[in-house]
Amino acid sequence: MSIPIFRAGNRLRAIALLACAALPATALHAADEAALPYGPGAAKLTVADARTDRLLSGDIWYPTGTPDIAVRADKSKVWQLALADPGGRPAEGTFPLVVVSHGMYGNTQNQAWLGSALARRGYIVAMVNHPGTSSFLRDPDQARELWDRPVDVSRLINFLIGDSDYRDRIDPARIYAAGHSLGGFTVMLLAGAEFDPERHASVCSGDHLPIACDVLAGWSVAETDADRKEMARPRKDARLAGAISLDLGGTPVLSRASLAAVDIPVLVLGSQRADMLNQDVESRALAAALPQDRVRHVELEDAGHFDFMGVCKPGGFAILAEHEPGDEIICIKGTAERVKQHDRILAEILRFTAP
């Protein structure tokens, strides 16, 4: 599962181990599902490149020519896993690519629901586990080197359109990056936003600090001159046709000048319930700082931070409440209500990425 960017505390290890308003919430999970043009192919992915100090692996979702083949594994007591056709034969044609960055101490299963849903609608979706800040790849030095997260995504794109078996099925003019929580921060760096050491020093001093400050301090991010220089280095990937922020955390430390200069469309989805992040300093502030002719900001009514993750099973809340008291917040409104939120999130992303 995922852990939101700015959730700190003693429960992080335990959680990880548990392994638009503008559009109507259409019935994407009812009769429409049977009429989808593709099946949800799924496969493991390893990025093969020259870098050996930071190995990348994850998952790829892709359209198959057999829409009737879609099964749901039942390996979790808490989570309803995504429909998939593991190893299914890829459909012919070229498709948009969406690369996805997970949240703090999350993993590629967090947005598997989105990968499956987009694959069934003619998209290739790829995601890697970020070393240092994923569920089972925690390392303090790699976490401190937070600048490597956007580099991970660029390396993933390099591999996919370069030497991978999927290169001939990817439309290079339609490459998008989406990220949840800390992944949203990662994606905004790829879109052209830049870390601002002076803002970081200013907003992360005094009382009532943004949650981002606690996390960055906990990882010793940007504490030396060398690290501040690396964090502030531009990480823009000019191949992106657009960026999708899913309830990001980290806006307070981004340069306002760099946000004003972002030159690609950005979809900013926020959670109206604000159960984890302060929308005034995060998604609302991000949307306000971006060029207004390039941003679409939707605050999803009654959505929470965890609604961008998978659907909980009906008994998931009770299991977490019993075995990990406090962590059941992850499954609040996590069943039928979350399915409806997924419909809205998916509808917004399809609208944003439509040709």
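Which residue in strand 7 is the bridge partner of W61? It is V125, and the pairing behind this match is a good way into the fold. The model is a predicted one, in which local features need pLDDT of at least 70, side-chain atom pairs count only at pLDDT 80 or more, and totals for chains, interfaces and linings use all residues. Residues are numbered from 1 along each chain as its sequence is written, and side-chain values use heavy atoms, with hydrogens and water left out.

As for confidence, pLDDT is the predictor's own score for each residue, from 0 to 100. The protein chain has a mean pLDDT of 90, and 91% of its residues reach 70 or more. Residues 1-28 are another matter: pLDDT stays under 50 there. For that stretch the model has 94 contacts beyond four places in sequence, a contact being heavy atoms within 4.5 Å.

Back to the sheet. Helices (H or I, at least four residues) and strands (E, at least two) are DSSP runs, numbered from the N terminus, and two strands pair if DSSP finds at least two bridges between them. Ten strands line up as an open sheet in the order 3-5-1-2-7-6-10-11-12-13, with mixed pairing. Strand 3 (71-72) and strand 13 sit at the edges with a single partner strand each, so one side of each has no neighbour in the sheet. Strands of a sheet pair through backbone hydrogen bonds, either parallel or antiparallel. Both kinds turn up here: strand 2 (residues 57-64) and strand 7 (residues 124-128) run antiparallel over four bridges, while strand 12 (residues 266-271) and strand 13 (residues 295-300) are parallel over six. In the parallel pair, V266 stands opposite V295. To get from strand 12 to strand 13, the chain passes through helix 11 (residues 283-289), and this β-α-β crossover is right-handed (with the strands pointing away from the viewer, the path from the first strand over the helix to the second runs clockwise).

R284 has its place in helix 11. With a relative accessibility of 33%, R284 counts as partly exposed, the class between buried (under 20% relative accessible area) and exposed (over 50%), using a 1.4 Å probe and protein chains only. Leaving out residues up to four places away in sequence, R284 touches Q279, H297 and E299.

What fills the inside? A nonpolar core is a set of buried Ala, Val, Leu, Ile, Met, Phe, Trp, Tyr and Cys residues joined through side-chain atoms within 4.5 Å. The largest one has 56 residues, and L160, M188, W219 and L290 have the most contacts inside it. Helix 6 (residues 182-191) gives the most to this core, with seven residues. Apart from it lies another core of 29 residues, including W113, A117, L118 and F308. Beyond four places in sequence, W219 touches M104, Y105, T133, P140, A143, R144, L146 and L182.

Two loop residues stand out for their backbone. Most residues other than glycine have a negative phi. S181, though not a glycine, has a positive phi of about 65°; this residue lies in the loop between strand 10 (170-180) and helix 6 and is buried, at 0% relative accessible area. A222 likewise has a positive phi, near 60°. The loop between helix 8 (211-218) and helix 9 (225-232) holds A222, which is buried at 5%.
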